[in-house]
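Student: Could you walk me through one part of this model up close? I'd like a single helix and its surroundings, taken slowly.

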Amino acid sequence: MAQMPPCRMGTCKAKRDQAPGQEIPRMAEVLRHLRRLCRCLALLWLWPEASWLCLARRLCLSHAWRRLPNSWLCLARPLPAAAVLTALAVLPAQTASAWDRLEFTRLIAHWDGYGTPEYLQFVAEVQPEIAQVGFYGAHFWSLAHTPYYDGYPAHFPVRGLAECGQWFEDLNARLHAQGVRVVGHFNLKFLVGDPDGPEGPRGFFHFYRQLWDEHELGPRPVADPLELLEQDAQGRPLVDRQYSIGGMAEYWGCLNNPHWRAVLRAWVRRGIQRGVDGYMINYFYRHNCLCEHCQAAFRAYLAERFSPQELQAQFGISELATHQFDEIVAWHDPAESTPLRREMLRFSQIANKRAFDEVFVQYGRSLKPDLILAQWNHLGDFSQIAGDERCLLPAPLWGRDEDYLWYSTGGALAFTDLAHGFLGEATLQARYIRGAFEDKPFTLGKYEQTRIRAAIAELAANGGAPMGFYTRFQDTAARAELVRYYGFLRRHDHLYHANRPHAEALLLFPRRAIHAGDLRPLANFKALGKDLLDRKVLFDVRPDDLADPQVLASYRLVVDPSASQRVPEQALAGLSRFEGPQTVRVSASRPLHGGEIDLHLVNYNRHEPPEPRSPGNGIVDERPIAAPSMTVDLLLPANQHVSEVLFLTPEEPEPRAIPFATNGGRLHCNVPEFLVYAVLRVKLGAAGPP
Ligand SMILES: [Zn+2]
């Protein structure tokens, strides 16, 4: 197993997260902040002449400071350099990186209902570490001032850019007062509006032309907002009417357009001023934009990756410098894929990542060094080439500089078909994300409004942070279970916080083949994953390009999806065995401070709604059926003995010690009956002399 890295903790939640016996190294924390401050000052120092001074003035709320003449401010210019040089000289280089990681395990996210008084009461009851709430990107600036402010998607509680912005500022302060960190949603390119019409410009275009306050946001990057948009070959904006909010059309800002990035920077800055701790950024789409910026960027991408001879031989491109592409697609049907289209998709994903890096990582964190950053992307049932915003992203860029991930599985998993072995689960997706993302926090957007207990348990069991949509606090019965399950996770936080998987087998994710356009091993991967889950094997998932020999050697069994769809029985000899119903999944983890193996059991059995594949109508339709007692035959780590086995379930207030036996390095016990989620804490100690 990989060594567990230390966790990053914010000052406001360090005490809450402190596990028994855990000491927070205060000095390391102080040094971390000092180094971040230095990085920020260094970045400002490297900016063009006096631009940091302008920024400082814009950020500062004091009118007195704003009235200071530039000549006075220039006197301060040597200060950052002096601070940087001094700090870099005295601070040990390793201190910051060792603590530069966010860990959390309880999150709530809302796009509606957050404007009611019950929302803050609910927050107080479930005590999440992160509340994903509020809007600071294109949803806000397109819709908050329109008559459609209170509808989909953002359901703003008040109308008006200033009024709603102030409302979010107040909400952020109230959440902070509860010790909760706020991550705001940031739509980075999906625009709603009409450039012109009988009523004049509407939505985003009304904002840009008439409501953009240069005192608040700085100068407009360009006069005409049409210059910011994704375009077709004739220079016309790409347009859609999928949602048609208020009858308005939909457009997209082009992330390769430097002026659009300037708009994003202005919005990022304003949101930080309003008190967010971070951004959950969504709509990482790139369409078939053929604007001058995309044409130039794709040419530069190809020039860096291929020689002129290769471009001619592989793609028939003879003069790259003057070549005009008649398509630069992103996601596309794998059946219609070509090597050049995959280069276009790969380019699109790298370009989106570069925009993210420039706007959020470099600029956003220059303003707020501990800005939490996460992308909201879509995995579905491992849709690749036709979906998944990172499917062709090179491994070194995958999730880099993100603190956590949101992956949407869509509504395809929000039902069960138990007779056919379909549990409506995302266990395999969770393990894949865990393995691809170095075990950083993540959540899944399952759009599950019915099987709330199973959705929470699934994430908790597999290293995720419950839960994506929906924590429906307005439903009394759902709220009671949310409070019960979040309370369970909070009481036993020392088992979840920064834990690491405990596994005996490794299932490789065929990323190399996917990048080469071959999706056949992906089908094998999904079949093998289901097979291993059904046979209750303790396994991790890791992309094959991250599985070096040292990683492979740490597992008893490595399953390669390049050929087979089933693991032969003899390959499982000697591994742990769990005998129980097919509707129960088994996972295992080790807590941050070790000393035990925690088995997680998630039971998907239930009385299903009468209509096939029905997602149900809320928690009233979850109707779980308790799992009967199961047998455990757990392979123990070498030279370890078992001191105690505790059974925990959210439905029981206290842990229960259960009888067990050990024999030949294996633990034998029975898991008592449980409803949806159970944890078996297998406490370990060094074996005594024989
Ligand atoms: Zn473009």
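Which residue just after α18 takes a positive phi? And what does the helix itself pack against?

Tutor: Sure, and keep in mind that this is a predicted model. The residue you're after is G463, which sits just after α18 and has a phi of about 85°.

Now back up into the helix itself. α18 covers residues 452-461, and 10 of its 10 residues are buried, so the rest of the structure largely encloses it. That list takes in charged residues too: R453 and E458 are among the buried ones, along with I452, I456 and L459, for example.

As for a packing partner, look at α19, residues 476-491. Two packed helices are described by the angle between their axes and the distance between the axes. Here the axes come within 10 Å and cross at roughly 20°. Angles under 35 degrees count as roughly parallel, so α18 is roughly parallel to α19. The crossing of α18 past α19 is right-handed.

Zoom in on the contact and you'll find I452, R453, I456 and A460 on the α18 side. Across from them, α19 supplies A478, E481, L482, Y485 and L489. By type, that contact breaks down into seven nonpolar residues, two charged and no polar ones. The spacing is worth a glance as well: an α-helix has 3.6 residues a turn, so residues three or four places apart point the same way. With that in mind, pick out I452, I456 and A460 in α18 and see them meet α19.

Definitions and conventions. Residues are numbered from 1 along each chain as its sequence is written. This is a predicted model: local features need pLDDT of at least 70, side-chain atom pairs count only at pLDDT 80 or more; totals for chains, interfaces and linings use all residues. Axes are lines fitted to C-alpha atoms, for helices over the stretch in contact, and angles run from 0 to 180 degrees between N-to-C directions. Helices (H or I, at least four residues) and strands (E, at least two) are DSSP runs, numbered from the N terminus. Angles under 35 degrees count as roughly parallel, over 145 as roughly antiparallel, 65 to 115 as roughly perpendicular and the rest as oblique. A crossing is left-handed if the near helix is turned anticlockwise from the far one by less than a right angle, and right-handed if clockwise. Two residues are in contact if their C-beta atoms, placed from the backbone, lie within 7 Å. A residue is buried if 20 or more other C-beta atoms lie within 10 Å of its own, exposed if 12 or fewer, and partly exposed in between; C-beta atoms are placed from the backbone.
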